[in-house]
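Let's take a friendly walk through this protein, from its sheet to the side-chain contacts around it. Keep the structure open beside you as you read.

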Amino acid sequence: MLDVVVLDDKQEEVNNDDAALVKDVLQHAAVFMKLDHDYEMSVNFVDDEEIHKINKQYRDTDRATDVISFALEEADRIHIEGVPEELGDLFISLDHAKHQAEEYGHSYNRELAYLAVHGFLHLLGYDHTKSQAAEDEMFGLQDAILEEYGLTR
């Protein structure tokens, strides 16, 4: 089971349609990936200005982006019987999600779910930047998860 908390830029919990979609698609992704423990993670909805600051501060990249993942390394995770294991935190720019949905010609919901699943796979250790084979594997998983969920292009 995966417990997802969605927060806004003031670190207050969000309970709207976007948050419900992200929680649902990530729980679907956890089942798809056959996670064998209880996990928890946070998703932070931010705007382009905020994700630009985060990108500059933590990745030394001076521009806004769509999603940033901060994974807890396996060695840093605390394993306590009966307590969900923390995977890490995602930051998703809702501004970028809206722009990319228009640019790629699919729905906002599909783009938001895509960004959430993309970040989730990074939290699990997948990294499309390592090689073409790694990119093919990660993007193939994203497409399969979203297709099975029912959000196709």
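What follows is a short tour of a predicted model.

**The sheet and its helices**

Begin with the open sheet, where 4 strands follow the order β1-β2-β4-β3 with mixed pairing. At its edges sit β1 (2–7) and β3 (67–71), each of which pairs on one side only. From one strand to the next, the twist averages 20°.

Strand β2 (residues 39–46) is a good place to stop. It runs parallel to β4 (residues 85–93), and 8 bridges join the two. Strands β1 and β2 also run parallel, here with 6 bridges between them. You can pick out Val43 as a landmark: Val43 is the bridge partner of Val6, and it also stands opposite Leu90 in β4. Of the 8 residues of β2, 7 are buried, so this strand is largely enclosed by the rest of the structure.

Two helices lie across the strands. Helix α1 (residues 17–32) lies across β1 and β2, and runs at about 155° to β1. Helix α2 (residues 48–59) lies across β2, β3 and β4, at about 45° to β3.

**An aromatic cluster**

Which residues form one aromatic cluster? They are Tyr58, Phe70 and Phe91. The count of aromatic pairs comes to 2. In one of them, Tyr58 and Phe70 meet edge-to-face, 5.4 Å centre to centre with 80° between the planes. Because Tyr58 belongs to helix α2 and Phe70 to strand β3, this pair ties together parts that are 12 residues apart in sequence. The rings of Phe70 and Phe91 have centres 5.8 Å apart and planes at 90°, so they are edge-to-face too. With Phe70 in strand β3 and Phe91 in strand β4, that pair ties together parts 21 residues apart in sequence.

How does accessibility vary across the cluster? Tyr58 is exposed, at 53% relative accessible area. Phe70 is partly exposed at 27%, and Phe91 is buried at 16%.

**Salt bridges**

The structure holds 4 salt bridges; the table shows three of them, with their N to O distances.

| Pair | N to O distance |
|---|---|
| Lys23 and Glu13 | 3.6 Å |
| Glu49 and Lys53 | 3.8 Å |
| Arg110 and Asp143 | 3.8 Å |

Lys23 in helix α1 and Glu13 in the loop between β1 and α1 are 10 residues apart, and their pair links distant parts of the chain. Glu13 is partly exposed, with 47% relative accessibility.

Glu49 and Lys53 are separated by about one helical turn, because they are 4 residues apart in helix α2. Glu49 is exposed at 55% relative accessibility, while Lys53 is partly exposed at 46%.

The bridge between Arg110 and Asp143 joins two helices. Arg110 lies in helix α4 and Asp143 in helix α5 (residues 132–149), so the pair ties together parts 33 residues apart in sequence. Arg110 is buried, at 3% relative accessibility, whereas Asp143 is partly exposed at 38%.

**A buried glutamate**

Finally, look at Glu111, which is found in helix α4 (residues 108–123). Glu111 is buried yet has no salt bridge. Which side chain of opposite charge is nearest to Glu111? That is Arg110, 5.0 Å away, beyond the 4 Å cut-off for a salt bridge. Leaving aside residues up to four places away in sequence, Glu111 touches Ala97, Gln100, Ala101, Tyr104 and His106.

Terms used. Residues are numbered from 1 along each chain as its sequence is written. This is a predicted model: local features need pLDDT of at least 70, side-chain atom pairs count only at pLDDT 80 or more; totals for chains, interfaces and linings use all residues. Side-chain values use heavy atoms; hydrogens and water are left out. Two strands pair if DSSP finds at least two bridges between them. Axes are lines fitted to C-alpha atoms, for helices over the stretch in contact, and angles run from 0 to 180 degrees between N-to-C directions. Contact means heavy atoms within 4.5 Å. Buried means under 20% relative accessible area, exposed over 50%, partly exposed in between (1.4 Å probe, protein chains only). Lys and Arg count as positive and Asp and Glu as negative; His and the chain ends are not counted. Rings of Phe, Tyr and Trp (its six-membered ring) pair if their centres lie within 6.5 Å; planes under 30 degrees apart count as stacked, over 60 as edge-to-face and the rest as tilted.
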